Amino acid sequence: MRAAAHLARLNSIAEALWRVFQPVSRLQTAVLPQRAFQRPQIPKLQYRHVSFHARVKRRQPIQAATSPRDTGPLRDEAIGAQLIQIVNADKSLQPPRSLNDSLASINRQTYFLVQVGEKIHPRYENQPGPEEGQQDIRPRIPVCKVIDKGSFRLAEEAKLKSKKNASPVTKEVEINWGMAENDFKHRLERLKKFLDQGKRVEIVFGRKRKGWMQRKDVTDREAKSILEQVREAAGTVEGAREWKNMEGQVRGALVMFFEAKR
């Protein structure tokens, strides 16, 4: 009896333990999906060879966009480069410096920066240049100069005054009193072309020259008609005028003076 009772207790204990550990056993023996044990796929990097010239080309500074109406050298922020080099009074170059720092170092009320040229970036000066017939793509850096606004304004005014006082270019058109009609019309076209370019024109009349196609000698009436045709041709150009009285003799040596104001 004792043995049977002891065996019954052992069975009840074993059954209780089986019930406790049954969930753990099932988890251990469960078959997990195969994808749970797969390693994540890492994309392979695609490498390609990039030449030195292609690498340095990417580092070239982006120039500021300018309007087609902008004229003259670039100034201050319009230079648009990240780095610049300032030229000293003795024409030596300072080390490369950022455009913002350069502008901050000057009195903007009195001075401004103006780009006077460009050169290869000092970092790439010793790099091999392009082969013959190829373009040099080594990065370039703007060369700038600090300009005094007052001196610059005076220089511009003097330049403008000199331009206004400069004598206009004078062209000479030869016309013969006995010139053939086609040659005469060609001379009138040259007169109008020169006047349209803003040049002064001297119409020189003379005797028949060798090589010109001749017509009969003109009368005083025909000569006056030729002069009127010259004036009419000049009058078709805007602003054209006979700025000086003609000199010479009709049917002989004679000069007419025309100009077109711009």
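Tutor: Let's start with a term we'll need: a salt bridge is a side-chain nitrogen of Lys or Arg that lies within 4 Å of a carboxyl oxygen of Asp or Glu. Keep in mind that what we're looking at is a predicted model.

Student: Okay. How many salt bridges does the count come to by this rule?

Tutor: The count comes to ten. Some of them link up: D76, E77 and R108 form a network of salt bridges. Within it, R108 pairs with D76, and their closest N and O atoms are 3.7 Å apart. R108 sits in the loop between α3 (99-104) and β3, while D76 sits in the loop between α2 and β1, so the pair ties together parts that are 32 residues apart in sequence.

Student: Are those two residues buried or exposed?

Tutor: The cut-off to hold on to is this: under 20% relative accessible area is buried, over 50% is exposed, and partly exposed is in between. R108 has 32% relative accessibility, so it counts as partly exposed. D76 has 13%, so D76 counts as buried.

Student: I was looking at the backbone of D76 too. What is its phi?

Tutor: D76 has a positive phi of about 45°, although it is not a glycine. Remember where that happens: in the loop between α2 (52-58) and β1. R251 also deserves a look, with a positive phi of about 70° although it is not a glycine either.

Student: Where does R251 lie, and which residue does it form a salt bridge with?

Tutor: R251 lies in the loop between β7 (240-248) and β8 (254-260). Its salt-bridge partner is D220, with the closest N and O atoms 3.2 Å apart. D220 belongs to helix α6 (residues 220-235) and R251 to the β7-β8 loop, so this pair ties together parts that are 31 residues apart in sequence. As for exposure, R251 is at 38% relative accessibility and therefore counts as partly exposed. D220, at 45%, counts as partly exposed too.

Student: Let's go to the sheet. How do strands hold on to each other in general?

Tutor: Strands of a sheet pair through backbone hydrogen bonds, either parallel or antiparallel. Here, there is an open sheet of four strands in the order β2-β1-β4-β3, and its pairing is mixed. The edges are β2 (97-98) and β3 (111-120), each of which pairs on one side only.

Student: In which sense do β1 and β2 pair?

Tutor: Strand β1 (residues 83-86) and β2 run antiparallel, and they pair over two bridges. If you want a spot to zoom in on, I84 stands opposite R97 in β2.

Student: What do the side chains of E118 and R140 do?

Tutor: They meet in a salt bridge, 3.4 Å from N to O. E118 is in strand β3 and R140 in strand β4, so the pair ties together parts that are 22 residues apart in sequence. E118 has a relative accessible area of 46%, so it is partly exposed, and R140, at 34%, also counts as partly exposed.

Student: And I147, is that one buried or exposed?

Tutor: I147 counts as buried because its relative accessibility is 17%. Its place is in strand β4 (residues 140-148). Leaving out residues up to four places away in sequence, I147 touches T110, Y111, F112, V114 and F152. Look at L113 as well: I147 and L113 are 34 residues apart in sequence, but 6.2 Å apart in space, C-alpha to C-alpha.

Student: One thing puzzles me about R187. How far away is the nearest side chain of opposite charge?

Tutor: That side chain is D183, at 5.0 Å, so it misses the 4 Å cut-off for a salt bridge. R187 is buried, yet has no salt bridge. What the R187 side chain does reach is the backbone oxygen of E174, at 2.9 Å. R187 is placed in helix α5 (residues 181-196).

Student: Zooming out, what does the secondary structure of the protein chain come to?

Tutor: Six helices and eight strands. From the N terminus on, the elements run α-α-β-β-α-β-β-α-β-α-β-α-β-β.

Student: And what share of the residues is buried?

Tutor: Buried residues make up 24% of the 262 in the protein chain. For contacts with a separation of 6 or more, 63% are between residues 24 or more positions apart. The accessible surface comes to about 20,200 Å², and 51% of it belongs to carbon and sulfur atoms.

Notes
Residues are numbered from 1 along each chain as its sequence is written. This is a predicted model: local features need pLDDT of at least 70, side-chain atom pairs count only at pLDDT 80 or more; totals for chains, interfaces and linings use all residues. Side-chain values use heavy atoms; hydrogens and water are left out. Buried means under 20% relative accessible area, exposed over 50%, partly exposed in between (1.4 Å probe, protein chains only). Lys and Arg count as positive and Asp and Glu as negative; His and the chain ends are not counted. A polar contact is a pair of N or O atoms within 3.5 Å; within protein, one must be able to donate a hydrogen and the other to accept it, and residues adjacent in sequence count only if both atoms are side-chain atoms. Contact means heavy atoms within 4.5 Å. Accessible areas come from the Shrake-Rupley method with a 1.4 Å probe; for residues, only the protein chains shown count as cover. Two strands pair if DSSP finds at least two bridges between them.
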